[in-house]
Amino acid sequence: MTPQTSTIAASAISATKVYGSGEDAVYALRDVSVDFYEGQFTAIMGPSGSGKSTLMHCIAGLDELSSGSAIIDGTDLSTMKDKELTELRREKIGFVFQSFNLVPTLTANENIRLPLMLGNNKGDEAWIQKVIGTVHLQDRLTHRPSELSGGQQQRVAVARALASQPRIIFADEPTGNLDSITGAEILTFMRKAVDDLGQTIVMVTHDPVAAAYADRIIFLADGHVVNEMTEPTAARVLDLMKSLGN
Amino acid sequence: MFRIAIKGILGRKARLILTSLAVILGTSFLAGTSVFSDTLNRTFDNLFSDVFKNVDSYVRSTQVIEGNFGQEERQRIPLELVDLVKKVPGVSDAVPDVQAFARIIGKDGKPLGSDGQGPPTFGSVAMKFKGALWTISQGEWPMGPKDVALDEASAKNGKYVVGDTVKVVAQSGSREFTLVGIASYGDVRSPGGATFALFDPTTASEFLAKPGLFDDILVSGDGSKSDVELAKAINAAIPAKYKTETLTGAQITAETQDQIGSALSFFGILLKTFSFIALGVGCFVIYNVFSISAAQRQRENALLRAIGASRKQITRTMLIESIAVGLIGSIIGLVAGIGLSAGLSALLRAVNIDIPNGGLVVSQNTVVSTIIIGLIVTVLSAILPARRAGKVPPLAAMRATALEIAAPGRKRLITGFASIILGIAVVGFVMSGASNSYLGIGILLVFIGTIVLGPIIARPVALFLGRPAARFRGITGVMARQNSARNPKRTSRTASPVLIGVALVTAVTALAASIKGQIDDVFTAQFKGDYAISTDARGFGGLSPTLAIDLNKLPQVEKATGFGFLTVKIDGKGQYLTTVTPETVDGVWDIGLINATYADLKTSNIFLSEKTAKRKNISVGAVVQTTFADGVTRPLTVSGIYVNNEIGDYVANSHLVDGTPVVMFDVGVYIKTKAGADKAETVAALTAAVKKYGQGDLLTKQEYINKQSGQVNQLLGLIYGLLMLSVIISIVGIIITLLLSVFERQRELGLLRAVGMTRSQVRTTVRWESVITSLLGAVLGIILGIGLGWVIVFALKDQGLTSFKLPVGPTIVIMVMSFIVGLFAAIYPAWRATRVNILDALNTN
């Protein structure tokens, strides 16, 4: 795989995030520059406090950088107002969170279509059906989240992220709350979404097994990109993490 | 556990503020109304002790007729008594005094002072005297038959200055005077908003009463005798045939204070009733807030249970919190209430009802009762939620989200239905003849049943009401609809205050509509004329009887007839006697005489309404002993019975009082025009005749009928105003619940914002949830209110109310208002919801 020739879906340029100022300043990100390529499954790894979640939040338009820029689909997020950012998240980004992914009052079907409905957009019905089929949710559509298992809930979340055919999907520890078998199932779906449906996924994780599903791994520590790995396996990731002193 | 409770309170200031808010509002209305009526009471107490400060004795007639609404008509005393009193040893001076109807006409030709239920318009005596009620602040005392002095406020409102010509209308007609002085009463510009035209004693007697007659004599002593001795001496000096009594200054002060006190106490009771209704509504809000906060603290409480806290301890913690909230809320409510009453006083002053300054009266009673009631109400409202909090299983600590378990209990269903059915049964018994006093119990049972069933009804009704929102507002509407139904207990508790408020408003409106409809029907059927001249001064003053005589001389008028009211004593009881003029009333007003004509009403006769005749079990030929205001009892023979008792239960001939000292006004003059009379000319002629008197409004038949039914609106307005207290609390209830729900749904809101919900969509969701909740209360309230109104109308059928009218228009208005209330209540919570920080919300566990 030669990433350089692929289209860039999102990127961070000299991204810096500081909390506080002066002597009390805490750097979550220091001058991070990284590109995420279309059609690729990228994992961001690093120990707690390494800035991996902050990086994801800033690129996804959920948080603001102190300096530098976050770019999605060619647009610099720092120039956008709250409403534009909201619409960007709705139309160009898909999200899968660790827990509490679904609106409890809506059915699985409504949850899947939520971003589309918020945008008054019917969406591509054939595509949505294909997504629902891929995550095996056909017979769970009328259920509410409280009637679904943890794994099913995450599948709905993945389906929601895919439904609007976003430019990029951000997943924050999507398997963190699941047992390993269910977790593997979700990761397989995500892998399939990239391979079969051509989606772009960026996933934050600290689990080497999960990261091994990715095409490429970016390692962060103390707010810096410290390493990068392509076509990883769980064993190689573990080795690298050991060498990084984790 | 006490420390945990205190820490818990301080740890969540927002929750504390919200919970206290409901307590504050409820108690502030209670304290405010209480302070206001105390202040009003003391104000008038002071005023009258001031006014009679230099009056040592007070002479008046013992002959008095008390009407059935507490008003009294005292016989007048002759002028010669003044000289008699002056000769009594120990008397330094004595002056005659009159207080009678007089209306000052402004420069624009309109009478000063308010119409109808407003403060009265008086004519009285002002003369230099040690014990004088009035002092002249500008100009001079009125001395001659052309002189008048006005109270300061009237002079200011009428833009009159000394030297101006002032027209005044009194019982004897209208007359022009020269303004010679401006007077003040005690230390106020005009007492209680009343207007005063003041004359020298001779003019007052001749113009306001009957020549040579006065209401009372004010006496000041020379200091040689005590007040009691002086009064005794005066009493002994006046021959018994005058039938007088002599009071000391202290006695007349106390009596006047008492009279004002009882008049004010009615007002005080009214205020108190509605502030208690408001407090009751507030209970729901307090209960709701405690329930929600208990639910939100479920995990925290479960954790405490898991590490060894007992059920009792958890419950006690919440009760301690409720005591703190009740205490803080009541104290703030007390302070707010004092501010509220200061505002009310300022409001009265702004509409020119002058209350002497003396500061607000915050009695110990007000302070203690406000705090105790506030505390009790709060703790009582917290008991159930506190007990429920204690029942939390320790395992709930491990559960992900706090959710109220809202299984529609079978017990609830049975209790609710049983209560409603029992209530309806009680109402049914009343309908079929049981005493009306059971009605209240029946209605209360239906209300309780509905509120008990609330959580069961709430979900389906909220889902139904939310349909249009879901249909037309897309996913935001869908979520609003689901949110309003997701926690039926909470929704129904929030809607209950709205339900109570709307039910009361609807019932009152339905009652008013029925009364208005009835008035329309009755007056259309009975009034056969074309025009009416009406005045609002029922019971005190009115139109000069000569107006009708003048009108009959007009070429366009076929007949003009006046109706008067006299307060008389029949069989020892005060009654209203309606006077008609038989030669003109026929064909203008139909009272539904049975086998009789107006011609049968001679001056020695009386007509009785059919109801009265039945009640007294007398008929034509019987003699009714009637005592008039001049103290003379006249035997009147019943010469007719009539059906339409809208004009009163007794009717007599107006010529009966001709040539007697009895003062009579017409309250209305009814006119039938000649066939073929030119309309414009007629109106012009009538207007000119009315204008001569400066008093009374010329109305067409329809206008007159509308005005009669319009009087109901005044009462309606007052009741609406008082129910506003409850409405405000319901709105605050919705705001608090929405805010707590928004806090509770932080994560959900964060998620929604993350996946692309705009701020305006967040607002829409909260707004529609609020509207659905408000409409839920409104719909149930309207149903109950219409039922309640119907039952009340039925119960009043003995009072002559025969048909129930559905207030369709007002019901729609109430729905629209509830919609607006929903929108309004959502403003702040919706704004708060948009301020949710996405990352913080997503990261909270």
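1. Start in chain B, with one pair of residues. B:Val59 has B:Ile217 as its bridge partner in β14(B). This is a predicted model, and the pairings described here are computed from it. The two residues belong to a longer match. Strand β1 of chain B covers residues 57-61, and strand β14 of chain B covers residues 216-221. They pair over four bridges, in the antiparallel sense.

2. Now widen the view to the whole sheet. In general, strands of a sheet pair through backbone hydrogen bonds, either parallel or antiparallel. In chain B, four strands make an open sheet, and the order is β5-β14-β1-β15. The pairing here is antiparallel. Which strands sit at the edges? They are β5 (91-97) and β15 (244-248) of chain B, and each of them pairs on one side only. Neighbouring strands of this sheet are turned by 20 degrees against each other on average, direction ignored.

3. Helices lie against this sheet. Helix α6 of chain B, residues 227-237, packs on the sheet and touches β1, β14 and β15 of chain B. The direction of α6(B) makes about 170 degrees with that of β15(B). Helix α7(B) takes another course. It lies across β1 and β15 of chain B and runs at about 95 degrees to β15(B).

4. Follow α7(B) further. This helix spans residues 249-296, and its axis comes within 8 Å of the axis of helix α20 of chain B, residues 701-744. The two axes cross at roughly 5 degrees. Angles under 35 degrees count as roughly parallel, so α7(B) is roughly parallel to α20(B). The residues that meet include B:Phe274, B:Ile277 and B:Val281 in α7(B), and B:Leu722, B:Leu725 and B:Ile729 in α20(B). By class, this contact has 15 nonpolar, eight polar and one charged residues.

5. A second helix pair in chain B is worth a look. Helix α12 (residues 439-465) and helix α14 (residues 474-486), both of chain B, have axes that come within 8 Å and cross at roughly 170 degrees. Are they roughly parallel or roughly antiparallel? The angle makes α12(B) roughly antiparallel to α14(B). The crossing of α12(B) past α14(B) is right-handed. On the α12(B) side, the residues are B:Arg459, B:Ala462 and B:Leu463. They meet B:Arg481, B:Ser484 and B:Ala485 in α14(B). The residues of this contact divide into three nonpolar, one polar and two charged.

6. Helix α14(B) also matters for the next point, the contact between the chains. How many residues does each chain bring? Chain B brings 22 residues and chain A brings 24. On the side of chain B that touches chain A, the elements giving two or more residues are α14, α21 (746-754), α22 (759-795) and α24 (838-843) of chain B. The largest share of that side comes from α14(B), with seven residues. The residues on that side divide into 11 nonpolar, six polar and five charged.

7. Turn to chain A. UniProt places the feature "domain: ABC transporter" at residues 13-241 of chain A, in an unreviewed entry. The end C-alpha atoms of residues 13-241 of chain A lie 25 Å apart. The span is 36% helix and 25% strand.

8. Chain A has an open sheet too. Six strands form it, in the order β6-β7-β8-β3-β9-β10. The pairing is mixed. The edge strands are β6 (93-96) and β10 (224-230) of chain A, and each pairs on one side only. From one strand to the next, the twist averages 20 degrees. Look at one edge: β6(A) runs parallel to strand β7 of chain A, residues 168-172, and four bridges join them. A:Ile93 stands opposite A:Ile168 in β7(A). At the other edge, helix α8 of chain A, residues 234-243, lies across β9 (216-221) and β10 of chain A. The helix runs at about 155 degrees to β10(A).

9. Finish with the early strands of chain A. Strand β1 (residues 8-19) runs antiparallel to strand β4 (residues 67-72), and five bridges join them. A:Ser11 has A:Ile71 as its bridge partner in β4(A). A:Ile71 also has a partner in β5(A), namely A:Asp76. Strand β5 of chain A covers residues 75-76 and runs antiparallel to β4(A), with two bridges between them. β4(A) and β5(A) form a hairpin with two residues between them. In that turn, A:Asp73 has a positive phi of about 55 degrees.

Notes. Residues are numbered from 1 along each chain as its sequence is written. Chains are lettered from A and ligands numbered from 1 in the order in which they are written. This is a predicted model: local features need pLDDT of at least 70, side-chain atom pairs count only at pLDDT 80 or more; totals for chains, interfaces and linings use all residues. Two strands pair if DSSP finds at least two bridges between them. Axes are lines fitted to C-alpha atoms, for helices over the stretch in contact, and angles run from 0 to 180 degrees between N-to-C directions. Angles under 35 degrees count as roughly parallel, over 145 as roughly antiparallel, 65 to 115 as roughly perpendicular and the rest as oblique. A crossing is left-handed if the near helix is turned anticlockwise from the far one by less than a right angle, and right-handed if clockwise. Two residues are in contact if their C-beta atoms, placed from the backbone, lie within 7 Å. Ala, Val, Leu, Ile, Met, Phe, Trp, Tyr, Cys and Pro count as nonpolar, Asp, Glu, Lys and Arg as charged, and the others, Gly among them, as polar. UniProt positions are given in the numbering used here, feature names are shortened, and annotations may be inferred rather than shown by experiment.
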